[in-house]
Amino acid sequence: MDITLAKKEDLPYIEELFGSCKLDLLKKEIFQWDDQYPNKEYFEWVIKEKEMYVYRQDSQVLGAIVFNEWQHPEWEKVKWGESSGKIMVIHAFCVHPHVQGGGYGSKILEFAEYLAQEQGYTGIRLDAFSGNPSALKFYETRGYNKKGEIFISTKPLGHETYYCYEKLF
């Protein structure tokens, strides 16, 4: 397993990874990602800010995760658990469709949890599209607790509801 900070030269592979994931989601009629997010400019930004990590196997980028402390303004309405410290937030997390179900997502999430604890975070938060049953089950199976729902009006009609999850350490 090789999970490292993404570099500028990884950008074409990251774009291919997310493009494949977007197409796979569209085939399943899951409209959580589009041309606006995540996109090349977003990837360039999170790489520059050292917020994206990639999972490599034999020089192939098979997964990626972005985390920082930014929380969506809609999250203010959510009744989060009590935490006395700083919270890490996961964004733009994916595994290439050809290897999904092979444990790669679990390894990447375990890495994020380990890194969060090493850096003094007291928990992790994220949101997941309510119409993506695989993602919801993935987080719930790994100890993430659903804390509420948010409505993102910029998403397509019928795809605006996201569940908010949290795991405190």
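This report describes the sheet, the helices packed on it, the largest pocket and several individual residues of a predicted model.

## The sheet and its strand order

The model contains an open sheet of 7 strands, arranged in the order β1-β2-β3-β4-β5-β7-β6 and with mixed pairing. At its edges stand β1, which covers residues 2–5, and β6, which covers residues 145–151, and each of these two strands pairs on one side only. On average, and with direction ignored, neighbouring strands of this sheet are turned by 30 degrees against each other. As general background, the strands of a sheet pair through backbone hydrogen bonds, and they do so either parallel or antiparallel.

Within this sheet, strand β2 (residues 52–57) and strand β3 (residues 60–68) are paired in the antiparallel sense, with 6 bridges between them. In this pairing, Tyr-53 stands opposite Ile-65, a residue of β3.

## Helices packed on the sheet

Two helices can be described by their contacts with the strands. Helix α3, formed by residues 104–118, packs on the sheet and touches β1, β2, β3, β4 (87–95), β5 (123–129) and β7 (161–168), while its direction makes about 160 degrees with that of β4. Helix α4, formed by residues 133–141, also packs on the sheet, where it touches β4, β5 and β7, and its direction makes about 160 degrees with that of β5.

## Strand β7 and its two partners

Strand β7 pairs with β5 in the antiparallel sense over 7 bridges, and it pairs with β6, again in the antiparallel sense, over 6 bridges. A residue pair can be named for each of these pairings: Asp-127 has Cys-164 of β7 as its bridge partner, and Ile-150 has Tyr-162 of β7 as its bridge partner. Of the 8 residues of β7, 6 are buried, so this strand is largely enclosed by the rest of the structure.

Ile-150 belongs to strand β6, which is one of the edge strands of the sheet. Is Ile-150 buried or exposed in this position? Its relative accessibility is 5%, and because a residue under 20% is classed as buried, Ile-150 counts as buried. Leaving aside residues up to four places away in sequence, Ile-150 touches Glu-74, Trp-75, Val-78, Asp-127, Glu-160, Thr-161, Tyr-162 and Cys-164. The C-alpha atoms of Ile-150 and its bridge partner Tyr-162 are separated by 5.3 Å, although the two residues are 12 residues apart along the chain.

## The largest pocket

The largest pocket has a volume of about 1,200 Å³. Its lining is made by 46 residues, and those that lie nearest its centre are Gln-32, Trp-33, Phe-93, Ala-135 and Tyr-139. The elements that contribute two or more residues to this lining are α1 (11–27), α2 (40–48), β4, α3, β5 and α4.

Strand β4 gives the largest share of the lining, with 6 residues. When the lining residues are sorted by class, 26 are nonpolar, 13 are polar and 7 are charged.

## Backbone features to inspect

Some backbone features are found in the loop between α1 and α2, including the position of Pro-38. The peptide bond that leads from Tyr-37 to Pro-38 is cis, with omega near -15 degrees. Glu-29 is found in the loop between α1 and α2 as well, and it has a positive phi of about 60 degrees although it is not a glycine. With a relative accessible area of 57%, Glu-29 is exposed.

A positive phi is also found at Ala-92, where the angle is about 40 degrees although this residue is not a glycine. Ala-92 is found in strand β4, and with a relative accessible area of 6% it is buried.

## His-159 and its contacts

His-159 is found in the loop between β6 and β7. Despite this loop position, His-159 is buried, with a relative accessible area of 14%. When residues up to four places away in sequence are not counted, His-159 touches Glu-29, Phe-31 and Phe-129. One of these contacts, Glu-29, is the exposed residue with positive phi described above.

Note on methods:
Residues are numbered from 1 along each chain as its sequence is written. This is a predicted model: local features need pLDDT of at least 70, side-chain atom pairs count only at pLDDT 80 or more; totals for chains, interfaces and linings use all residues. Side-chain values use heavy atoms; hydrogens and water are left out. Two strands pair if DSSP finds at least two bridges between them. Helices (H or I, at least four residues) and strands (E, at least two) are DSSP runs, numbered from the N terminus. Axes are lines fitted to C-alpha atoms, for helices over the stretch in contact, and angles run from 0 to 180 degrees between N-to-C directions. Contact means heavy atoms within 4.5 Å. On a 1 Å grid over the protein atoms alone, a cavity is a set of points where a 1.4 Å probe fits but cannot get out, and a pocket is an open set with protein on both sides within 12 Å along at least five of seven lines; lining residues have an atom within 4 Å of a point. Grid points are joined across faces, edges and corners, and a volume is the space filled by probe spheres set on the points. Ala, Val, Leu, Ile, Met, Phe, Trp, Tyr, Cys and Pro count as nonpolar, Asp, Glu, Lys and Arg as charged, and the others, Gly among them, as polar. Buried means under 20% relative accessible area, exposed over 50%, partly exposed in between (1.4 Å probe, protein chains only).
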